[in-house]
Amino acid sequence: MGRLKIIVLLVIVPVLLFVLSLTIGSTQNISVIELFQRMAIQLGFLQDPTLQDGSLSTILWQVRLPRVLLTFLVGAALASSGGVLQSIFRNPIVDPFTLGISSGSAFGAALAMLFPIMSVNLSAFIFGVCAVGLTYLVSYSGVRTSIVGMVLAGMVISGVFTALLTLLQYMSDPYKLQAIIQWTMGNLHTASWSKVYTAIGPIAIGLFVIVLYRWKLNLLSLGDQEALAVGVNPKIIKLVLIAVATMITAASVAAVGVISLFGLIVPHISRMIFGPNNNISVWANISIGGTFLLLIDDFSRAVMPFEIPIGVFTMIIGAPLFIYLMRRNAMNWNS
C-alpha cells in the first residue's frame, strides 16, 4: 500500500470524522463552517454576536468535545490492547475479554461504585491486573505456560469475574443497580472532561509504550526462540506489554464501561488492510480503533430518537461484520 493511501486512511479520515462528529448531536446539528466559526470565537480569533449562543457553545465544548475525545481514546486503547495480546499469544481469538482483563476491570469498577473505598479507575486497574495474574497462575504448569492453556484459563477467570459482577448487581439497591447495568452496556453519554483527564494519562502512556515496542512485537509473533536468537528476552517484553495492555483496558473500562468484541475485531480489520507487520498495524489499530468507535457512537446517537448504549450497538454491528470476515476466511486463520 502506497504512502499516500496510508496517510489518507490513518490520518485524514480520522481527522475528518472527528470534525464531523462534533457537528452531530441529538440537540442540534450544525454545519462544518459554523463549527469552525464557533471554534474561532472560542479561541478569541473572531467576534460574531449572532453565533455567541451560550447553550450551543456549552453543548459543543462541554458535552460533544469531551465525548468525541474520550470515544477516540477508548477505541484506540481497546483495539491496541487486542492487537498486542493477539501478537504476544500468536492467537487470533485473543482479546482483553479472553484473558479476563475486561471482566476483572468491570468487577473492580462495579465494586468501587457499590463500596466507594477507592476510585473506580484504581479499582478497575487492580482487579484487571488480578485477573491476568490469576490467568497466568492457573495456566502455569511447572516450567512453562502454554498458549492454549492460558487462553482457556482466561476464559474461566473471565467467567468467575462475570459471576461476581452478577452477584454485586444482585446485592445492589435499585438506584446503584441501574447505574451498574447501564455502565456494563457501555456508557458514553456520561463522558465529561473529568473522565477525559482521568483516562488520557494511562492510555497515552500505554499507547506510547506499544508504539515504542512495535518492532519487538514482530519478533514475539515469530516465537520465543526467534526472539532469543536476536538477543531479545521474550519474557520481559511479554510482561511489559501485558501490563500495558491491562492498564489501557482497565482505564477504558473504568471510563466508559464494557464494550464487547471491539478489541477482537479491529486488529483483524487492521491486518486485512495493512498486513501483519506490527510496525504499521500498531498505528493502524490506534487510528482505525478510534475512528471505528467514533463512527459507531455517531450512529448510536443519530439513528434513533433515544441513545443506544455503545456496547450494545458495537455488538449489533460488530458481530455480523466478524461473521462475514470469518466466512470469507479473510483473516488467514488457516495459514
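Visitor: How many aromatic pairs does the structure hold?

Guide: This is a predicted model, and the values below are computed from it. A pair of aromatic rings is described by the distance of the centres and the angle of the planes. In this structure, the number of aromatic pairs is 4.

Visitor: Is the pair of Phe107 and Phe161 stacked or tilted?

Guide: The two ring centres of Phe107 and Phe161 lie 5.7 Å from one another, and the angle between the planes is 50°. Planes under 30 degrees apart count as stacked and those over 60 as edge-to-face. The pair of Phe107 and Phe161 is therefore neither of these, but tilted.

Visitor: How many residues apart are Phe107 and Phe161?

Guide: Phe107 belongs to helix α4, residues 101-114, whereas Phe161 belongs to helix α6, residues 147-171. Both residues are buried. Their pair links distant parts of the chain, with a separation of 54 residues.

Visitor: Which residues do ring pairs link into a cluster?

Guide: Phe107 and Phe161 form one of the aromatic pairs. Ring pairs also bring in a further residue, and the cluster consists of Phe107, Phe161 and Phe127.

Visitor: Is the pair of Phe262 and Phe292 stacked or edge-to-face?

Guide: Phe262 lies in helix α12 (residues 262-274) and Phe292 in helix α13 (residues 278-300), 30 residues apart. Their ring centres are 5.9 Å apart. Because the planes meet at 20°, which is under 30 degrees, the pair is stacked.

Visitor: Is Phe292 buried or exposed?

Guide: A residue counts as buried when its relative accessible area is under 20%. Its ring partner Phe262 has a value of 2% and is buried. Phe292 has a relative accessibility of 16%, so Phe292 is also buried.

Visitor: Which element gives the most residues to the largest nonpolar core?

Guide: In soluble globular proteins, nonpolar side chains tend to be buried together. The largest nonpolar core here has 61 residues, and Phe262 and Ile259 are among those that touch the most other members. Elements giving two or more residues to this core include α6, α8, α12 and α13. The greatest contribution, 11 residues, comes from α3.

Visitor: How many residues are in the second, separate core?

Guide: This second core is separate from the one described above. Among its members are Ala109, Ile157, Leu165 and Ala254. Its number of residues is 16.

Visitor: Is Asp297 buried or exposed?

Guide: Asp297 is located in helix α13. Leaving aside residues up to four places away in sequence, Asp297 touches Arg67, Thr71, Leu188 and Ile310. Its relative accessibility is 1%, below the 20% cut-off, so Asp297 counts as buried.

Visitor: What is the radius of gyration of the chain?

Guide: The chain has 14 helices and 2 strands. For 335 residues the globule rule gives 20 Å, and the chain's own value is close to this, so the chain is as compact as a globular protein of that length. The radius of gyration is 21 Å.

Visitor: Where in the chain is confidence lowest?

Guide: The chain averages a pLDDT of 83, and 93% of the residues score at least 70. Confidence is highest in helix α8 (residues 193-212), at 93. At the other end of the range, with a mean of 60 over residues 144-145, stands strand β2.

Conventions:
Residues are numbered from 1 along each chain as its sequence is written. This is a predicted model: local features need pLDDT of at least 70, side-chain atom pairs count only at pLDDT 80 or more; totals for chains, interfaces and linings use all residues. Side-chain values use heavy atoms; hydrogens and water are left out. Rings of Phe, Tyr and Trp (its six-membered ring) pair if their centres lie within 6.5 Å; planes under 30 degrees apart count as stacked, over 60 as edge-to-face and the rest as tilted. Helices (H or I, at least four residues) and strands (E, at least two) are DSSP runs, numbered from the N terminus. Buried means under 20% relative accessible area, exposed over 50%, partly exposed in between (1.4 Å probe, protein chains only). pLDDT is the predictor's confidence in each residue, from 0 to 100. A nonpolar core is a set of buried Ala, Val, Leu, Ile, Met, Phe, Trp, Tyr and Cys residues joined through side-chain atoms within 4.5 Å. The radius of gyration is taken over C-alpha atoms; the globule rule is 2.2 Å times the number of residues to the power 0.38. Contact means heavy atoms within 4.5 Å.
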